[in-house]
Amino acid sequence: MPWRYMGVRRRLMTLGTLAIVGGLLLMSANSVMAQGTRADHVSGDYVSGERLRLEIPGTFFPGFDATGFVEVQTLSLMLGADKASTATLVVQPLRLEESQTTMDLIAPNPDKAVGSTVRYLGRAVRVSVERDGADVSASAWFNPPFTVNLDLTDSEWAEAANDPDAFVARMWDPDRDMWLTLETYTNPFDRDVTARATRVGDIALFIELTPPPIQGGDLALNSATLLLIALGGLALTVTGVRMTRGFGQRRSR
């Protein structure tokens, strides 16, 4: 009878829906298992033939409406002189004190004018590499470089006056005891910063503002002002010569 066929059809549709939902849940579970996420770190297994991307949760940066990610390209991880087939990438949040980001610890930025101000933006991560439970970060390097992406807040973007070049990512160099500039790109549309690095370590986000040039007012030295200064100097020189000559003539009499 028709009602029997309709009942079977409904059961099949229900089973199909359950199968789809179950498949999606399984994919989500696999994704969570692939990237271990805890309050103090995120980690993921690097396989040489696969690209690895670790999402940085907002819980890493309390007080900021910002997240990010770390991404490693295929066939890029080297351990010493050998290509690594597998390893574990670990990303941890850093809580830097003000004393750890003072100006004397920040290397000059060759792309910024002298006198630029530098300020730490309160977001930093430590990227490390482990293999068989041991930290092998000292011998790890990447070719091509891995990337670190960090979101910008609305207030930071306003402070930079919509200048994408104001944001710079830096890595701590333990040999020089300084924060060194990384290759950095800021996307003004997504409002995020992406840095590239060949070595793992501590990476922090800074804003570097160039002081505006002096314009207008009494301090502006235009061509007319310079001409007046030159004529005044010439007049003083001529007056001085005449006075010297007159003094000499009076003494000779």
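Helices, as I use the word here, are DSSP runs of H or I with at least four residues, and strands are E runs of at least two, both numbered from the N terminus.

**Entry 1: the whole chain**

I started with the overall make-up of this model, which is predicted. Counting the elements of the protein chain, I found three helices and 16 strands. I then looked up burial, and of the 253 residues of the chain, 34% count as buried. For the surface, I noted that the chain exposes about 16400 Å², with carbon and sulfur atoms supplying 59% of that area. I also looked at how far apart in sequence the contacting residues are: among contacts with a separation of 6 or more, 72% are between residues 24 or more positions apart.

**Entry 2: strand 11 and its neighbours**

Next I turned to strand 11, which covers residues 146-151. Is this strand enclosed or not, and why? Five of its six residues are buried, so I wrote it down as largely enclosed by the rest of the structure. I then looked for its pairing partners, and found that strand 4 and strand 11 run antiparallel and are joined by four bridges. In this pairing, Val-70 has Val-148 of strand 11 as its bridge partner. Strand 15, residues 192-197, also runs antiparallel to strand 11, and here I noted six bridges. Within strand 15, Arg-196 is the residue that stands opposite Thr-147.

**Entry 3: a sheet of three strands**

I looked up another sheet, an open one, in which three strands follow the order 6-5-10 with antiparallel pairing. Its edges are strand 6 (82-83) and strand 10 (140-142), each of which pairs on one side only. Between strand 5 (residues 77-79) and strand 6, I found two bridges in the antiparallel sense. Here Met-78 stands opposite Lys-83 of strand 6.

**Entry 4: salt bridges**

How many salt bridges does a search of the whole structure find? The search gives nine, and I followed up several of them.

One of them joins Arg-51 to Glu-71, with the closest N and O atoms 2.4 Å apart. The two residues sit in distant parts of the chain, 20 residues apart: Arg-51 is in the loop between strand 2 (41-47) and strand 3 (52-56), while Glu-71 is in strand 4 (residues 68-72). I checked the cover of Glu-71 and found a relative accessible area of 13%, so this residue is buried, the cut-off being under 20%. This pair also belongs to a wider arrangement, since Arg-51, Arg-53, Glu-55 and Glu-71 are linked in a network of salt bridges.

A second one is between the side chains of Arg-119 and Glu-159, at 2.5 Å from N to O. Because Arg-119 lies in strand 8 (residues 117-131) and Glu-159 in helix 2 (residues 154-159), the pair ties together parts that are 40 residues apart in sequence. I noted that Arg-119 is partly exposed at 39% relative accessible area, and that Glu-159, at 33%, counts as partly exposed too.

Another salt bridge brings together the side chains of Arg-126 and Asp-202, at 2.6 Å from N to O. Arg-126 lies in strand 8 and Asp-202 in strand 16 (residues 202-209), so this pair ties together parts 76 residues apart in sequence. Arg-126 is partly exposed, at 37% relative accessible area, whereas Asp-202, at 15%, counts as buried.

**Entry 5: aromatic rings**

I then searched the whole structure for aromatic pairs and found six. Among them, Trp-157 and Phe-167 are stacked, with 6.0 Å from centre to centre and 5° between the planes. This pair links distant parts of the chain, since Trp-157 is in helix 2 and Phe-167 is in strand 12 (residues 167-173), 10 residues apart. Are these two rings' residues buried or exposed? Trp-157 is buried, with a relative accessible area of 4%, and Phe-167 is buried as well, with 3%. I also noted that Tyr-120, Trp-172, Trp-179 and Phe-206 form one aromatic cluster.

**Entry 6: charges over rings**

Last, I looked for charged side chains placed over aromatic rings. Arg-53, which I had already met in the salt-bridge network, lies over the face of Phe-69, at 3.7 Å from the ring centre. The charged end of Arg-123 sits over the ring of Phe-64, 4.9 Å from its centre.

Notes. Residues are numbered from 1 along each chain as its sequence is written. This is a predicted model: local features need pLDDT of at least 70, side-chain atom pairs count only at pLDDT 80 or more; totals for chains, interfaces and linings use all residues. Side-chain values use heavy atoms; hydrogens and water are left out. A salt bridge is a side-chain nitrogen of Lys or Arg within 4 Å of a carboxyl oxygen of Asp or Glu. Buried means under 20% relative accessible area, exposed over 50%, partly exposed in between (1.4 Å probe, protein chains only). Rings of Phe, Tyr and Trp (its six-membered ring) pair if their centres lie within 6.5 Å; planes under 30 degrees apart count as stacked, over 60 as edge-to-face and the rest as tilted. A charge sits over a ring if NZ of Lys or CZ of Arg is within 6 Å of the ring centre and within 35 degrees of the ring normal. Contact means heavy atoms within 4.5 Å. Accessible areas come from the Shrake-Rupley method with a 1.4 Å probe; for residues, only the protein chains shown count as cover. Two strands pair if DSSP finds at least two bridges between them.
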